[in-house]
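I have a fresh model open and a notebook beside it. Let me write down what I look up as I go.

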Amino acid sequence: MSKLVAPSILAADFANLQRDIEMVNSSEADWFHIDIMDGVFVPNISFGMPVLKAISKHAKKTIDVHLMIVDPDRYIQTFADLGADILTVHYEACTHLHRTIQAIKASGMKAGVAINPHTPIAVLEDIISDLDVVCIMSVNPGFGGQSFIENTYKKVQQLKNLITFSKADTLIEIDGGVTNKNANELIEVGADVLVAGSYVFKSDNPTSTIADLKSMIN
Ligand code: DX5
Ligand code: ZN
């Protein structure tokens, strides 16, 4: 399977959101990565349902929603109705993670779990076979534009081993501080999907930045 690029809309120009969505539509990007923050689970608030609804109206690729919110169970059906294809919740925000994952799937979406930089891979041992995506946070969630945490490589390797051992078909997604400096090594150790916010949208030519990243990892 080809390795995927998922531009993070958090770094887009919100005053020109439709333009930036169309740019992703016509680029070589694979997914739209959408960060929803509640100001409680993370110390920042991004945007919510009305903005996602507007994005969905124009987005022509897989919509990958990353929830950085407490008690995500309350909104699973809402995000399905808003057009999310993949719904990722945080391990640290779910008391009954297995139940949450089943509820996401019952709503017709693929299910993902994100883990913070301090959370070990081992906590996923008993749930890995149920997961479509594991998102390894390579920064502390809450903000774009932070520096990549080097310990991530080790975690990707551990997760890859767990997936292989469990005969699961879970995708490994990396989120935070991804650039052309770490992309290759991330793929080499087992990553499948690279989220990139600032690196794409703050570049002079986001379309060619996406194309370069895509060809670099494939
Ligand atoms: C951080 C978000 C990321 C963020 C990545 O909490 O989950 O998706 O947008 O942004 P960059 O690529 O700028 O680190
Ligand atoms: Zn994210």
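Here are my entries, from the whole chain down to single residues.

**Entry: the model and its fold**
I remind myself that this is a predicted model. I looked up the secondary structure of the protein chain and found eight helices and eight strands. The radius of gyration is 16 Å, close to the 17 Å from the globule rule for 218 residues, so I note the chain as being as compact as a globular protein of that length. I also took the extent of the C-alpha trace along its principal axes, which is about 45 × 35 × 30 Å.

**Entry: burial and contacts**
I asked how much of the protein chain is buried, and the share is 45% of the 218 residues. Then I turned to contacts with a separation of 6 or more: 66% of them join residues 24 or more positions apart.

**Entry: the annotated site**
Which positions does UniProt give for "active site"? The unreviewed entry names Asp35 and Asp175. These two span 141 residues in sequence, yet their C-alpha atoms are no more than 10.5 Å apart, so I have them down as gathering at one spot.

**Entry: Asp35**
I found Asp35 in strand β2. Is Asp35 buried or exposed? I counted 25 other C-beta atoms within 10 Å, and 20 are enough for the label, so Asp35 is buried. Setting aside residues up to four places away in sequence, I list Ser8, Leu10, Ser46, His66 and Met68 as touching Asp35.

**Entry: Asp175**
Asp175 sits in strand β7, which covers residues 171–175. My look at its surroundings gave 25 other C-beta atoms within 10 Å, so Asp175 is buried. With neighbours within four places in sequence left out, Asp175 is in contact with His66, Cys135, Met137, Ser138 and Val195. I pencil in that His66 appears among the contacts of Asp35 and also among those of Asp175.

**Entry: around ligand 1**
Which residues come nearest to ligand 1? Out of 21 residues around it, I wrote down Ser8, Pro141, Gly144, Gly197 and Ser198. Ser8 was already in my notes as a contact of Asp35.

Next I checked which elements build the shell around ligand 1. At least two residues each come from β2 (31–37), β8 (193–196) and α7 (198–201). I recognise β2 as the strand that holds Asp35.

Last, I sorted the shell by class: it has 11 polar, eight nonpolar and two charged residues.

Methods:
Residues are numbered from 1 along each chain as its sequence is written. Chains are lettered from A and ligands numbered from 1 in the order in which they are written. This is a predicted model: local features need pLDDT of at least 70, side-chain atom pairs count only at pLDDT 80 or more; totals for chains, interfaces and linings use all residues. A residue is near a molecule or strand if its C-beta atom, placed from the backbone, lies within 6 Å of it. Helices (H or I, at least four residues) and strands (E, at least two) are DSSP runs, numbered from the N terminus. Ala, Val, Leu, Ile, Met, Phe, Trp, Tyr, Cys and Pro count as nonpolar, Asp, Glu, Lys and Arg as charged, and the others, Gly among them, as polar. UniProt positions are given in the numbering used here, feature names are shortened, and annotations may be inferred rather than shown by experiment. A residue is buried if 20 or more other C-beta atoms lie within 10 Å of its own, exposed if 12 or fewer, and partly exposed in between; C-beta atoms are placed from the backbone. Two residues are in contact if their C-beta atoms, placed from the backbone, lie within 7 Å. The radius of gyration is taken over C-alpha atoms; the globule rule is 2.2 Å times the number of residues to the power 0.38.
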